[in-house]
Structure formats: structure tokens, C-alpha cells
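Take a look at the sequence and the model below. Then follow the strands, the helix and the cysteines in turn.

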Amino acid sequence: MRYSATLDNNSKIVTNLAIILTLVFLCRQLTDVSHDAVSTTILLFILVPGILVAWCLSPRYYIISDTAILIRRPLLSITIQLSEVVRLRSITEEDLGSSSRLLAIGGIFGYLGTYHSSEIGKYQRWCTNRENLVLIESDSRKWLISPSEADDFVRTVNKVINAPGSGFYPAQD
């Protein structure tokens with residue numbers, strides 16, 4: 001089953017502003033006749049790679065297969081084996097408590113990277129919006145994703161995990 005990863009309004013605004021700002025700096029760089037555009041050159045060396053990295057790491061969609069959850073990204077997709085999942089549930093932003101970025105991007109093409117929450121500890125966040133949040137926990141890691149229909153996503157994964165003969169739990173007699 002495939003679930004889309006749609007940007008929330010905040011991410012759309014931040015992403016578009018970052019792209020527009022980069023284009024403005026690029027135009028200024030190209031039209032500078034005084035050849036004294038060191039500051040815009042430095043800004044472009046920061047903005048362009050930052051936007052490209054954010055785009056490459058942002059989820060396009062989420063797939064549930066018989067054995068795994070796939071977070072599909074343009075570069076380096078993430079596979080979470082269902083056999084490793086110990087807990088999966090829908091949560092809200094408030095359930096996270098206060099979160100801080102450890103190595104993350106917040107807003108450009110979504111909310112991406114490693115975060116720390118006062119409620120759940122360290123986790124990987126691969127979300128395109130702050131609604132429809134699903135927390136996936138294994139023994140060693142936590143992932144937060146934002147499929148388009150979070151409740152249906154949780155139900156579908158639980159059906160796959162709890163299906164008789166799935167190999168995840170013994171079949172009930």
C-alpha cells in the first residue's frame with residue numbers, strides 16, 4: 001500500500017521562500033557589474049547545497065510491503081523491517097513534548113533528520129507535515145513519519161504484522 005507525503009502549509013512557505021531567496025541572490029550574482037559580490041557568493045554556496053540536500057532527503061511517499069515499511073526519497077530511501085517493529089502508533093506534535101534538532105532540517109521540504117524529544121528521546125524524523133504523525137519504534141531506533149492517512153497507515157501495518165502466518169507473530173489456533 002502506498003501513502004503520499006504531502007507538505008504542510010508551513011513547509012510550503014519555508015521551501016518557496018528559500019527557493020525565491022536563492023533565485024534573488026543568483027540574479028544579483030549574475031547581474032553584478034562591480035564584481036564585488038562576495039557576500040552573495042558565500043550565501044549561494046550555503047543555500048544551494050542546503051536546498052538540494054533537503055530535497056534529496058525529503059520523503060516522496062511511504063510504502064507498506066509484506067515485510068517492510070519503505071520511506072521513499074529521491075536519494076537513500078529508508079527500509080524499516082516489520083520484524084523489527086515493536087510499537088507503532090499515531091501521535092500528535094504535543095505527544096513529543098519539546099523537541100530540538102540534533103542534525104536536522106526543519107521546514108525546507110519537510111522536517112528531516114535527527115531530533116531529540118523530552119518525551120520519546122532521540123528519533124529520526126522523516127515528515128513532510130506536522131499532522132498525521134506516526135511513531136515507529138524498534139528495540140534500538142525510533143522513526144517519525146507523516147503518511148497522508150496516518151490512522152489507515154497504522155491499521156494496515158498492524159494487519160500485516162498480525163496476519164496469521166506472517167512470521168511476525170505465531171498464528172492463533
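Which residue in β10 stands opposite Trp 126? Ile 145 does. Keep in mind that this is a predicted model.

**Strands around β10**

Strand β10 covers residues 142-145, and strand β8 covers residues 121-127. These two strands pair in the parallel sense, over 3 bridges. The facing residues Trp 126 and Ile 145 belong to this part of the model.

Strand β10 also pairs with β9, which spans residues 133-137. Here the sense is antiparallel, and there are 4 bridges. Look for Ile 136: its bridge partner in β10 is Trp 143. How many residues does the hairpin use to join β9 to β10? The hairpin runs through 4 residues.

**An open sheet**

Now find the sheet with the order β1-β2-β3-β4. This sheet is open, has 4 strands and shows antiparallel pairing. Its edge strands are β1 (2-4) and β4 (78-81), and each of them pairs on one side only. On average, neighbouring strands of this sheet are turned by 15 degrees against each other, direction ignored.

Strand β3 takes up residues 68-72. Its pairing with β4 is antiparallel and has 4 bridges. Within this region, Ile 69 stands opposite Ile 80 in β4.

One general point helps when you view any sheet. In a regular strand, side chains alternate between the two faces of the sheet.

The strand pairs described so far compare like this:

| Strand pair | Sense | Bridges |
|---|---|---|
| β3 and β4 | antiparallel | 4 bridges |
| β8 and β10 | parallel | 3 bridges |
| β9 and β10 | antiparallel | 4 bridges |

**A nonpolar patch**

Turn to helix α1, residues 9-31. Leu 30 lies in this helix. Is Leu 30 buried or exposed? Its relative accessibility is 68%, so Leu 30 counts as exposed. The cut-off for exposed is over 50%.

Leu 30 also helps to make a nonpolar surface patch. Its partners there are Ile 19, Leu 23 and Leu 26. The patch measures about 370 Å².

**The cysteines**

How many disulfides does the structure hold? The count is 0. A disulfide is a covalent bond between the sulfur atoms of two cysteines.

Why does Cys 56 have no such bond? The closest cysteine sulfur is in Cys 127, and it lies 18 Å from the sulfur of Cys 56, so the gap is too far for a bond. The cut-off for a disulfide is within 2.5 Å.

Cys 27 is partly exposed, because its relative accessible area is 48%.

Key. Residues numbered from 1 in each chain as written. Predicted model: local features only at pLDDT ≥ 70, side-chain atom pairs only at ≥ 80, totals over all residues. Heavy atoms only, no water. Buried < 20%, exposed > 50% of the residue type's maximum accessible area, 1.4 Å probe, protein only. Patch = residues over 30% accessible without salt bridge, like charges linked within 9 Å, V, L, I, M, F, W, Y side chains within 5 Å. Areas by Shrake-Rupley, 256 points an atom, 1.4 Å probe, with all protein chains shown as cover. Salt bridge = Lys/Arg side-chain N within 4 Å of Asp/Glu carboxyl O. Pairing = 2+ DSSP bridges. Axes fitted to C-alpha atoms, helices over the stretch in contact; angles between N-to-C directions.
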